[in-house]
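Biologist: Could you take me through this model and tell me how each label is earned?
Modeller: Gladly, let's look at it together.
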Amino acid sequence: MTNNEASSSAGRKEIPNELNLEIKDKVRVLCLHGYRQNGETFKSKLGSFRKFVGKYAEFVFIDAPHKAKPLQEDSEELSDQLSWWFNKDDGSFKGTNKNGPAFGFQVSLKVVEKAWKTRGPFQGLLGFSQGACLVGLICGLAKRKLTSIKPEFAILSSGFVSGSLVHKSIYEESIVIPTLHVYGLSDEIIPKEMSKELTNNFKNVEILEHNGGHYFAATAQQKQTYINFFQDRLQEYLENMELQQTSNTVFSDEQEDEANAISSGSQTSGNESE
């Protein structure tokens with residue numbers, strides 16, 4: 001595989017051009033920012049990416065509930081620098097930290113679950129760095145039916161396996177939903193080896209490498225991979241909607257037939273009693 005090329009894309013079905021003109025539905029994606037970011041700053045950083053795939057997807061950005069610890073001990077906490085949880089005893093977070101705690105994780109999980117329920121429906125999750133780690137954890141919890149969130153796909157940029165001790169069991173089962181993993185070959189904050197390790201927990205994987213560092217890459221080189229991925233997700237969504245509508249119609253027809261049969265039987269019984 002070469003840089004900026006997604007793997008596992010063979011067999012992807014194209015949405016016909018004539019269908020594109022008629023599509024009004026989009027898949028909806030809940031987005032989780034990285035450490036020391038917030039929903040609004042993350043949305044701003046994904047401007048080019050959202051433009052690439054805006055025809056196929058709609059994105060909703062939310063804030064983590066915890067304030068990140070100041071970089072300098074004598075500095076004030078900044079209200080716009082947030083964290084999903086803390087994995088160091090001093091109340092900070094570092095992706096490379098191993099065997100630490102997960103302070104505040106359950107609070108954040110409830111925040112995401114509430115957003116999934118109240119601001120949905122959603123089909124997918126997208127996360128960057130700590131947010132991508134959280135997306136991976138949510139996918140694992142969903143696999144084990146330990147959360148009300150049920151993602152049908154996920155995008156994980158600069159993601160990694162959580163080193164928190166309490167999270168180890170979440171990675172025990174492989175996750176089968178389609179995932180796109182994006183990471184930089186020169187990322188010094190979350191080294192590429194950590195992002196590659198995360199992909200081992202998923203079965204239906206596409207990988208997009210870029211030559212850059214710790215950021216969500218969205219240049220012309222990555223554009224087509226993103227478009228292809230979301231075309232596939234939208235097609236799957238539309239097909240599932242069609243199947244669901246067909247199933248509901250059949251079920252409704254069966255109910256109507258059953259009701260007619262009962263009504264007819266009652267009338268016959270009444271006539272016989274006369």
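Modeller: A word on confidence to begin: pLDDT is the predictor's confidence in each residue, from 0 to 100. This is a predicted model, where local features need pLDDT of at least 70, side-chain atom pairs count only at pLDDT 80 or more, and totals for chains, interfaces and linings use all residues. Residues are numbered from 1 along each chain as its sequence is written, and side-chain values use heavy atoms, with hydrogens and water left out.

Biologist: What pLDDT does the protein chain average?
Modeller: The average is 87, and 80% of the residues score at least 70. Residues 1–11, however, stay under 50, and residues 13–23 also stay under 50. Where pLDDT is low, the predicted coordinates should not be read in detail.

Biologist: Why is Cys31 called buried?
Modeller: Buried means under 20% relative accessible area, exposed over 50%, partly exposed in between (1.4 Å probe, protein chains only). Cys31 has 0% relative accessibility, so Cys31 counts as buried. Cys139, at 3%, therefore counts as buried too.

Biologist: How many disulfides does a search of the whole structure find?
Modeller: Zero; a disulfide would be a pair of cysteine sulfur atoms within 2.5 Å.

Biologist: What puts the buried residues of H4 on the same side?
Modeller: Helices (H or I, at least four residues) and strands (E, at least two) are DSSP runs, numbered from the N terminus. The buried residues of H4 are Phe105, Ser108, Leu109, Val112, Glu113, Ala115 and Trp116. They cover an arc of only 160° around the axis, so they lie on the same side of H4; the arc is that of the directions from the helix axis to the C-beta atoms.

Definitions and conventions:
Contact means heavy atoms within 4.5 Å.
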